[in-house]
Amino acid sequence: MDPCVDCDVHCAPSSFDALFPYLSDYWRQYIGEAGIRLNGMAHAYPPGVVAPAPSSYSELSEHVFSAESEPRFVVLNCLTGFETHRNPYFSAAVASAINDWVREEFLARSDRLRASVVVSSVSPDDAVSEIERVAEDPRFVQVLLPVRSDLPWGHKNNHPIFAAARSAGLQVGLHAWGRAGKAPTPSGFTTTYLEDYFGNQPIAQAQVLSFVSEGVFERFPDLRVVVTECGFAWLAPLLWRFDKDWKGVWREVPWVKRRPSEYVREHFLFTTAPAHLPGDPAALGQLLDMMDVPGTLTYASDYPHDHGDGLSLLLDQLTEDDRRRVMWGNAASVYGLA
Amino acid sequence: MSSSQVETRIGVSSGPLRSVELVDCDVHAQATEAMLAKYLSPSARRLLERYGRRTPRVTEWYPRARHSGMRVDAWPGKPGHIWGSDPELMREQLLDEFDVDYAVLEVLSGQDCYDHPDFAAEWNSAVNDWQVDSWFSFDRRLRGTIAVPHEYPSLAVAEIERRAGDDRFVAVLLPASAAEQLGHPKYWPIYEAATAHGRPVAFHTGGYVDHRGAGYPSFYLDYHVGNGIVMQSQLASMVAGGMFESIPGLRVVLTECGVAWAAALRWSLDAAWEGMGDDVPRLTRKPSEYIDEHVWFTTQPIEEPDDPQHLLYAIGQARLGDRLVFATDYPHWDFDSPKQALPRAFGPELRRAIMCENALSLYGLPRERAV
C-alpha cells in the first residue's frame, strides 16, 4: 500500500469540561456562570447530517487508522475555535486550551498524528502569541484559519500571523466554515443549510483572491496555503478571470509582480474533499486538462464528514505517479513529512 | 395604451429591412443627477438638491485604476455630460462602429438600496422616463431595461406595470447584490410581475456591497474578480430558495459576472442536493435542471484561459450554448469588442447563437429590423 497523508480529519471536545484542565479559574468561572456551551462549531456539524467529530484518541483511531487505506500521517483540524462570540480575550484563551487538549489527548498518543494550531480569529496579536507558544512542538504543522472572516486573511493587518507562522516553520490551513452571526456569503444571509454548505466555496475563492492581491506571497515566499473542505473545480475559471483583470488593473497592486495564477499554482494546495465533479467521464477528462490536478490537490478524508465518492472517479483518471502526489507527495512536501 | 406608445411599438415600420446579426445585451447609458431631476416631483427634487444621494457609490469604495473605470475615448467632452450620457457618442462608438442591431441599456443609477421608498420609486421611474425620452426616441436600435425600486417590491411591481406596454423595455433590471439574497421570497413579487409581463429579470453586477462572507476586499482587483463570486452565491440562493420551482416561466439573465464558473457550481449544488435534498423540500428536481431552464448569462467580461479550448469546455459543461448572450459593457474600461471578444475556436454556429440568436429568443426581438 502506498503511503498517504490525510490532510483533514476532525476532532472536537464534546463539551467545555474537556477543556477545563487547560483554562484558568477565571475562564472556568466565566464559562460556568454564563452557561456557555460548545455549539455546532458554526454549523460544520448539523445534528442529523454529520456524526460528531471524535472527542478521544480511541474514537479517532478506530475510524481513521483502521480504514482500508490507512494513512501514514493525519492532520487534525479542530474547528471548536470557530466561534460566534467576539470577546478577544476569551477567543485567545479557548484557542490555547484547544491546542493543549489536542496535544494531550491526540498528539501524545500517536506519532502519526499532526495538527493545526487553532488561533483567535478576532485578534491577530493573540494569534501570533499562540503560534509562538506552540512553535517548539513540530507536530503542529500549520495555522488553522476559517474561510468566513471579518477581514480577508490576505489583508495587511493579518500579515503578522504569516510572519509568525513562517518563523515557526508552519504553513496555513484555510478551512471551510468560521465566524457565524454575520452574512456567511458575499450576497447576504442564507435561508438553508445547503447554501451554507455550498457557500464555503465562493468565500474560499474570495480568500484566494485576497492572498494574491495583497502580495502575501511576495512578502512570504515560502508560505503555502492548504485550502481545506472548499472544493476545487472552481479554481481554473477563477484564475482565468483573475489573470485577465490583473492585466487591466495591475497598477493598483504593484506588488503583484507576476500573473495571479502563478502565485496560486506555487503557493496553494486544495484538499480533495469535497470532490464535486461531473459524472460524465468526458467532462472529467476536460477538467483534468483545465487544471493541474496532480500539482494542486492533496488528499483528505474529512472524517467524519461525507461528501460522496467524487474522489475515486478522479483518482481513477490519474497515472500512478500523479496519484502518489495527490495522496502523499504534495502534503509531505508542504508539511515536511517523511 | 397611449398614442405615443403605439407609434413606437416594435415592428411598426416601413422601408427596407435588415436581418439581425448582433445584439448587445449590456450597454451603460448613465444619467447625471440633473438629467433625472427634471422628472422628479418638487419634494423629491428638493431632497436631492439639499441632501444629495447620501451614500458613497461603489466606485468610491473601490476606485477604478484609471479613468474612473471607463474607456478614455468615451468621454463626451460636452458640457453637462458624463461617460455614457451622450446618445450621439454612443451611436458613433457602438451602434454604427459595429453595426449593432439592438443594444439593451442597463442604467445602474437606481441600484442602491439606501433610499426612502418614496424617493426610490420616483428616482427609478425617472431613470425609465429618461431612457424613453433621451434614448429610445434617439435611435430605433436601442432597447432598455425597467429600473425598479427593488427593495420595495410593491412599488417595483407598480413600475413594471407602468412600463409593460412599451415593448422597448425588454427586461426588468435588478442589481446582483441587494439587502437580502436575491432568492429571498421578499423579491418574488418582482419576478412574478416581470414573468407575467413576458420580461426576463436581468441581474447586473453591483448594488449593495455590505455583505462579505470573507470580509471586505481591499482593492478594485479582488472586488471586481469577486463579482463573479457574488453571483455564484446569488445563483445558489435563487436555486435553493425555490423561486424557479414557484415561478415556472421565470427567466433570469446574470449580467457581467463571468460564465465559466457555472459548471463547477452545477456539480456542487447537484452533489449537495443528492445528500441534503430534504433541506430544500420545495425543490422537486436537481439544481442543474432549474439552471438549464431558467438562467442566461451575458458574455462580458468573459474568462480568458490561455487555451481558448478550455473556455469551450466550460461552456459545454454548463450547457450554455443556447444560454449565452453577447455584451460589450460599453463604455466601461473592459469593453468587449464584437469583432474580437469571442475566440475563433467557437466556430460559426456557436458564435451566431451568442451574438444574436440567443438574445432574440430571450427578449422576443424581431429577426429583421428597419434600416
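1. Two strands pair if DSSP finds at least two bridges between them. In this predicted model, strand S5 (residues 171–178) of chain A meets that mark with strand S6 (residues 225–228) of chain A: 4 bridges join them, and the two run parallel. A:Val172 of S5(A) stands opposite A:Val225 in S6(A).

2. Now the other partner of S5(A). Strand S4 (residues 140–148) of chain A pairs with S5(A) over 6 bridges, again in the parallel sense. One bridge sets A:Arg148 against A:Gly178 of S5(A). Helix H5 (residues 159–167) of chain A belongs here too: S4(A), H5(A) and S5(A) make a β-α-β unit, and that unit is right-handed.

3. Is S5(A) mostly covered or mostly open? Mostly covered: 8 of its 8 residues are buried.

4. Step back to the whole sheet. It is open and has 8 strands of chain A, with parallel pairing. The order is S1-S2-S3-S4-S5-S6-S7-S8. Strand S1 (5–10) and strand S8 (297–298) of chain A stand at the edges. Each has a single partner strand, so one side of each is left without a neighbour in the sheet.

5. At the S1(A) edge, the partner is strand S2 (residues 73–77) of chain A. S1(A) and S2(A) pair in the parallel sense over 4 bridges. A:Val5 has A:Phe73 as its bridge partner in S2(A).

6. Helix H10 (residues 281–290) of chain A deserves a look. Which of its residues are buried? They are A:Leu284, A:Gln286, A:Leu287 and A:Met290. Seen down the axis of H10(A), these buried residues fall within an arc of 155°, so they line one face of the helix. A:Pro281 and A:Ala282 are exposed on the other side.

7. What covers the buried residues of H10(A)? The cover includes helix H8 (235–249) and helix H12 (310–316) of chain A. It also includes helix H13 (308–317) of chain B. Both chains therefore contribute to covering the face that H10(A) lines with its buried residues.

8. A second place to check both chains is helix H6 (residues 193–213) of chain A against helix H9 (residues 220–241) of chain B. Their axes come within 10 Å and cross at roughly 175°. Angles over 145 degrees count as roughly antiparallel, and so H6(A) is roughly antiparallel to H9(B).

9. Which residues meet there? On the H6(A) side they include A:Leu194, A:Phe198, A:Pro202 and A:Leu209. On the H9(B) side they include B:Leu221, B:Val225, B:Ile229 and B:Ala236.

Technical notes
Residues are numbered from 1 along each chain as its sequence is written. Chains are lettered from A and ligands numbered from 1 in the order in which they are written. This is a predicted model: local features need pLDDT of at least 70, side-chain atom pairs count only at pLDDT 80 or more; totals for chains, interfaces and linings use all residues. A residue is buried if 20 or more other C-beta atoms lie within 10 Å of its own, exposed if 12 or fewer, and partly exposed in between; C-beta atoms are placed from the backbone. A crossover is right-handed if, with the strands pointing away from the viewer, the path from the first strand over the helix to the second runs clockwise. The arc is that of the directions from the helix axis to the C-beta atoms. Two residues are in contact if their C-beta atoms, placed from the backbone, lie within 7 Å. Axes are lines fitted to C-alpha atoms, for helices over the stretch in contact, and angles run from 0 to 180 degrees between N-to-C directions. Angles under 35 degrees count as roughly parallel, over 145 as roughly antiparallel, 65 to 115 as roughly perpendicular and the rest as oblique.
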